[in-house]
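Me: Could you take a close look at the ligand site for me? I'd like to know what lines it and how the ligand is held.

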Amino acid sequence: MSYHFSRINKVKGELNLPGDKSISHRAVMFASMAEGNSVIKNLSNSADVYSTINCFKELGAKFKFEKDILIVEGTGYKNFKQPKNNLDAGNSGTTARLISGILAAQNFESTIVGDASLSVRPMKRIIEPLRLMGASIKCSTQFTLPLTFSPVRELVPIRYRLPVPSAQVKSAILLCGLHLDQVTTVVEKTPSRNHTELMLGLPLETVNGQVLIRSSKANYPKAGEYYVPSDFSSAAFFIVITLLSENSELIIKNVLLNESRTGLLTILKRMGASIEIVESHESSGEKFGDVKIQSSKLHNVEIDKSIIPNIIDEIPILAICGIFAEGKFVINGAKDLRFKESDRIAAICRNLKKTGLKITEFKDGFSIEGELTESNPTFESFGDHRIAMAFSILSTKLKEGGNIDDLECIKISNPNFIDQLESISE
Ligand code: S3P
């Protein structure tokens, strides 16, 4: 059933958002791997993170919520048990790819499956390096899920230069490396999000502009306490609606401000956005703070390809922002967007073509120019949470509003999106 969003003229107030999805996945994984009890505060309530929890339950970790704090009883080194069922990663690429690095090192057989979208996403990027490390992985001829891991015989350390900037690939290799006495090294030319290395305290070095990240058994996680700052990628939708609405001001509390994630803020500020960090803190190496956003008059700017990995999940909402900014919006060098929960380049272009705007699609991006003419259009979510939320925000900025054909998928990252939006709308 389609969902109608009416126009929102003004936003005001304060928002507290659940924990960051990327950090929550890792906190659940590392706490499950460690021996004994760990505590996770402000965990994401996204369906993706529940997929990770369910996979680790199958592997023998135990979970208990005390109010909104998650207590995890981890199994300790090589103490995971053989799962009775397939490990279901649902819609979550992070679950499937990161857990692969852990399963590759176990003494039992296991299989990862996923939903229809995840089952067509590329897995060759992790299968190749994990096979180089000695993993025995069966998969389809297309290198997609299901992936079946045989009991490991012998693992060897590798030095691997990432062919695509990807935190998921980097993390899969480093997590497998945690099961070896010798050192595994990942070399990154374009830095991707760095939560795995920060949270595990992995040694890193910068040589000739490249980052070398190392892992070995010495870095295997220990039980501890995690505080998860609020999700930057969820905050992005509310940042943009505030900038685009007149006489508006919003404060979003305790937002993750890790620089490998906040490329959107850098671009928006260059576009003329009034965004201020009013208070900042740090926990387990992750920066976070209160972000104050005010209505702004924006102009489009050139987006350098090197920043793409740091805005990859925010490109759909950045494109929406670009529609209302002066000049033409252009993005290039973002081919990996075609391999996300949907082909996001195709999804954005197809939806924007319904609005009267002039859209040009490239292999690795798109451009937007012209005027919004269509009233009350119906946008397709393609079952992709970030497409659904980006076009929900666009709908709230159209005179007659707009519709999303299927909004169910927003639960993948933020099940409370509608309530949060209503709470700040005037
Ligand atoms: C993520 C890494 C990114 C991002 C995804 C979450 C992570 O994927 O798009 O939503 O938590 O490591 P890639 O590694 O494929 O770029």
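**Around the ligand**

Reply: Going round the ligand, you meet Ser22, Arg26, Thr94, Arg97, Ser166, Ala167, Gln168, Arg193, Ile312, Asp313 and Lys340. Bear in mind that this is a predicted model. Three helices each put at least two residues into that shell: helix 1 (21-33), helix 3 (93-103) and helix 5 (167-177).

Now for the polar contacts. Start with Ser22, where an N or O atom of the side chain is 2.7 Å from an oxygen atom of the ligand. Arg26 does much the same job on paper: a side-chain N or O atom there is 2.7 Å from a ligand oxygen. With Gln168 it's the backbone that takes part, as one of its polar atoms lies 2.9 Å from an oxygen atom of the ligand. As for cover, the ligand on its own would expose 380 Å², and the protein buries 94% of that. If you're hunting for the spot on the surface, look in the largest pocket, which is where the ligand sits.

While you have the model open, there's another bit worth a glance, away from the ligand list. Ser110 belongs to strand 7 (residues 110-113). Its relative accessibility is 3%, so Ser110 counts as buried. Beyond its neighbours within four places in sequence, Ser110 is in contact with Pro83, Leu87, Leu103, Leu147, Thr148 and Phe149.

How values were computed: Residues numbered from 1 in each chain as written. Predicted model: local features only at pLDDT ≥ 70, side-chain atom pairs only at ≥ 80, totals over all residues. Heavy atoms only, no water. Helix = DSSP H or I, 4+ residues; strand = E, 2+ residues; numbered from the N terminus. Buried < 20%, exposed > 50% of the residue type's maximum accessible area, 1.4 Å probe, protein only. Contact = heavy atoms within 4.5 Å. Near = heavy atom within 4 Å. Polar contact = N/O pair within 3.5 Å; in protein donor to acceptor, adjacent residues only side chain to side chain. Areas by Shrake-Rupley, 256 points an atom, 1.4 Å probe, with all protein chains shown as cover. 1 Å grid on protein atoms, 1.4 Å probe; cavity = no way out; pocket = protein on both sides within 12 Å on 5 of 7 lines; lining within 4 Å. Sits in = over half its atoms within 2 Å of the grid points.
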